[in-house]
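Q: I am new to this structure and would like a close look at one part of it, with its surroundings described afterwards. Please explain each term as you go.

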Amino acid sequence: MTYYHVSFENPLTFYLQIQLMVEVPTEADGPLTLQLPAWRPGRYELQNFAQKIQRVECSDADTDEPLPYRKTTKDRWEIPGAAGRSIRVRYNFYAHQMDAGGSWLDATQLYLNPVQALLYAEGQQNEPCQLALVLPPGWRLACGLPQVAPNVLQASNFDQLADSPLIASPTIEHQQYEAGGLPFHVWAQGEDAVVDWPRLLTDFKAFSEEQLALFGGFPVADYHFLNLFLPYKHYHGVEHHNSTVIVLGPAELLMGEGLYKELLGVSCHELFHTWNIKAIRPAEMQPYDYARENYFRTCYIAEGVTTYYGEYLLARSHVRTPAQYFEELNLVLRKHYDDAGGHNLSLADASMDLWLDGYKPGVPDRKVSVYHKGALAALLLDLTIRQLHGHARSLDDVMRRLYDDFGKTGIGYTEEDYARVVTEVAGRKMQVYFDKFINGTAPLQEPLDRALHTVGCQLVASENVSASEGTFGFRTVVKNERTEVTYIWPDSPAATVFTVDDELVAVNGRRVDMNLQSLLSTGSPYYEVAVFRQNRLLLVELAAQAGAAFGTRYTVKKLTEADETQRAGFQKWLGWEL
Ligand SMILES: [Zn+2]
């Protein structure tokens, strides 16, 4: 058993005091090696949490004798001569990162993601762990782990402890609902949030039951939604073993149209992860290696399929209308077609590249999103399987098979396993789908439009009516009254004369001042544009290209006239009348 002890003296410093106690077997050879995770499951990039660790001290727990140690990497410590001893390690952890993967300390709450803060003893990761928290009187503890004594949490191994975030606070609210005979807990922390509990619990129960019915079982015995509602704008969620942390704001708008919609979307998405990534896990992460990158090619399944189902199941469980669902789908389409990165990187390679630059904008047109394109590829696959089997089979069957074969057995799946299950459910070779849309960069529009027709819908392409974007192929932003170029479509007129970061000063001698679109819409065959580039004034000639259009928008719409088969398809896919 590894014992952890977390306390704090002065919340104003954001520092937590952490102790860990490890029994080192007498027969152990070599030093005791302690490792702090360098990344956390759910975000596939190195985050180097050791940056938050201060003042490490080691001692013999029985004699209090200080023990020397040395760092062997940025987040690895070795203590020689530890065999047969009980070792105590003390250090401070800086809890000052407020997002769904972070940790935070202030006078009113302690929010901790143990994966950021707790060292583990190499070789003892499979031992049970106990985490004792010293909390002020009246504070209540919310966590997916059971409490074996007040404020003492028990985990069966380090993975489970690392994957069990907690919130402790004197004001945290708690409600519960039941789905599939299992308890679901909803926790709400944040003074400014006024939760409409009856509405929330009804909606949550509906999408939870839809998911349980889809998979025919739940990987865990209970579930905890840990919500942090902030007084400022924020949106983030992270999945865990039997819980999720969701951070949203501004809290006072929580039950308003926009933010409540986001709460439902992220909650349904994170719950789906309890199967898809936590239980049904890529072989490369079975088990997790916290010390280095865990490369995997299948994040289009983990995040793409989850992004698809997160919104789709809200419609299927009648929490959302088809029109509301299409709004979300159109947002995914807009984000996917926002730049030309989809021509340059496949979904499977984008999964590897999460570890490279997956969570930042990256250089222009380099990347494709495993979330957005992954969701569109999942939609295409679902509709394709449905069409092949008259809706008697669907992507549901693929996910259920993955849960049975991998989720329930704890065996990690490979990309070949996924392709095999998809092929078996589809009942025909699916190599073209994988070659084109998963491992290749073929455009999705036409196949997606054809697939949508089978359920009485279509993919509508509409011209970008902004002159700068649609005609000339560049986007701008106004910053401090300066109009700056932020994006240029490849092979557009703008690509021959502008560069990203150019400041547009004048068009045909007229000052650019919130009037760019009208200055570029006079019908003239070309425009003389004055730009500041690296503080030098330049005059360039911007000419339209006959027949060219850039930044085309794609949206899903119902067909105006659908036949009986299409109507029935819509009903079977979405559970609503067309
Ligand atoms: Zn996700």
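**The zinc site and the elements of the chain**

A: Both His269 and Glu303 are buried, where buried means under 20% relative accessible area, exposed means over 50% and partly exposed lies in between, computed with a 1.4 Å probe on protein chains only. This is a predicted model, in which local features need pLDDT of at least 70 and side-chain atom pairs count only at pLDDT 80 or more, while totals for chains, interfaces and linings use all residues. Residues are numbered from 1 along each chain as its sequence is written, and side-chain values use heavy atoms, with hydrogens and water left out.

The protein donors of the zinc ion are His269 through NE2, His273 through NE2 and Glu303 through two OE entries, at 2.0 to 2.7 Å from the ion. Donors here are N, O and S atoms within 2.8 Å of the metal (3.2 Å for Na, K and Ca), and sites may look incomplete, as water is not among the atoms. The angles among the four donor atoms run from 53 to 153 degrees, and the site is classed as irregular. By that scheme, four donors are tetrahedral if all angles lie between 85 and 135 degrees; four are square planar and six octahedral if opposite donors are over 155 degrees apart and all others between 65 and 115; anything else is irregular. Along the sequence, the donor residues follow the spacing H-x3-H-x29-E. His269 belongs to helix α4 (residues 257-273) and Glu303 to helix α5 (residues 299-316), so that the pair, 34 residues apart, links distant parts of the chain. Helices (H or I, at least four residues) and strands (E, at least two) are DSSP runs numbered from the N terminus.

The loops beside these helices each hold a cis peptide bond. Pro250 sits in the loop between β22 and α4, and the bond leading to it from Gly249 is cis, with omega near 0 degrees. Pro287 is found in the loop between α4 and α5, where a cis bond with omega of about 0 degrees joins it to Gln286.

Helix α6 (residues 322-336) has 15 residues that should span 21 Å at 1.5 Å a residue, and its end C-alpha atoms are 21 Å apart, which agrees; the expected span is 1.5 Å times one less than the number of residues. Among the buried residues of α6 are Pro322, Tyr325, Phe326, Leu329 and His336.

Strand β20 (residues 223-229) comes earlier in the chain, and seven of its seven residues are buried. Both of its faces are covered, with Tyr223, Phe225, Asn227 and Phe229 on one side and His224, Leu226 and Leu228 on the other. Strand β19 (residues 182-189) pairs with β20 in the parallel sense over six bridges, and Ala188 stands opposite Asn227. Two strands count as paired if DSSP finds at least two bridges between them. Strand β22 (residues 243-249) also runs parallel to β20 and is joined to it by six bridges, with Val247 in β22 as the bridge partner of Leu228. Together, β19, helix α3 (residues 197-215) and β20 make a left-handed β-α-β unit; a crossover is called right-handed if, with the strands pointing away from the viewer, the path from the first strand over the helix to the second runs clockwise.

Within helix α3, Phe204 and Phe207 lie three residues apart, about one turn of the helix. An α-helix has 3.6 residues a turn, so residues three or four places apart point the same way. Rings of Phe, Tyr and Trp (its six-membered ring) pair if their centres lie within 6.5 Å, and planes under 30 degrees apart count as stacked, over 60 as edge-to-face and the rest as tilted; by this rule the count comes to 47 aromatic pairs. Phe204 and Phe207 form one that is tilted, at 5.0 Å centre to centre with 50 degrees between the planes. Phe204 counts as buried because its relative accessibility is 0%, and Phe207 is likewise buried, with a relative accessible area of 0%.

Elsewhere, four strands form an open antiparallel sheet in the order β6-β7-β3-β12. Strands β6 (70-73) and β12 (120-121) stand at its edges, each with a single partner strand, so one side of each is left without a neighbour in the sheet.
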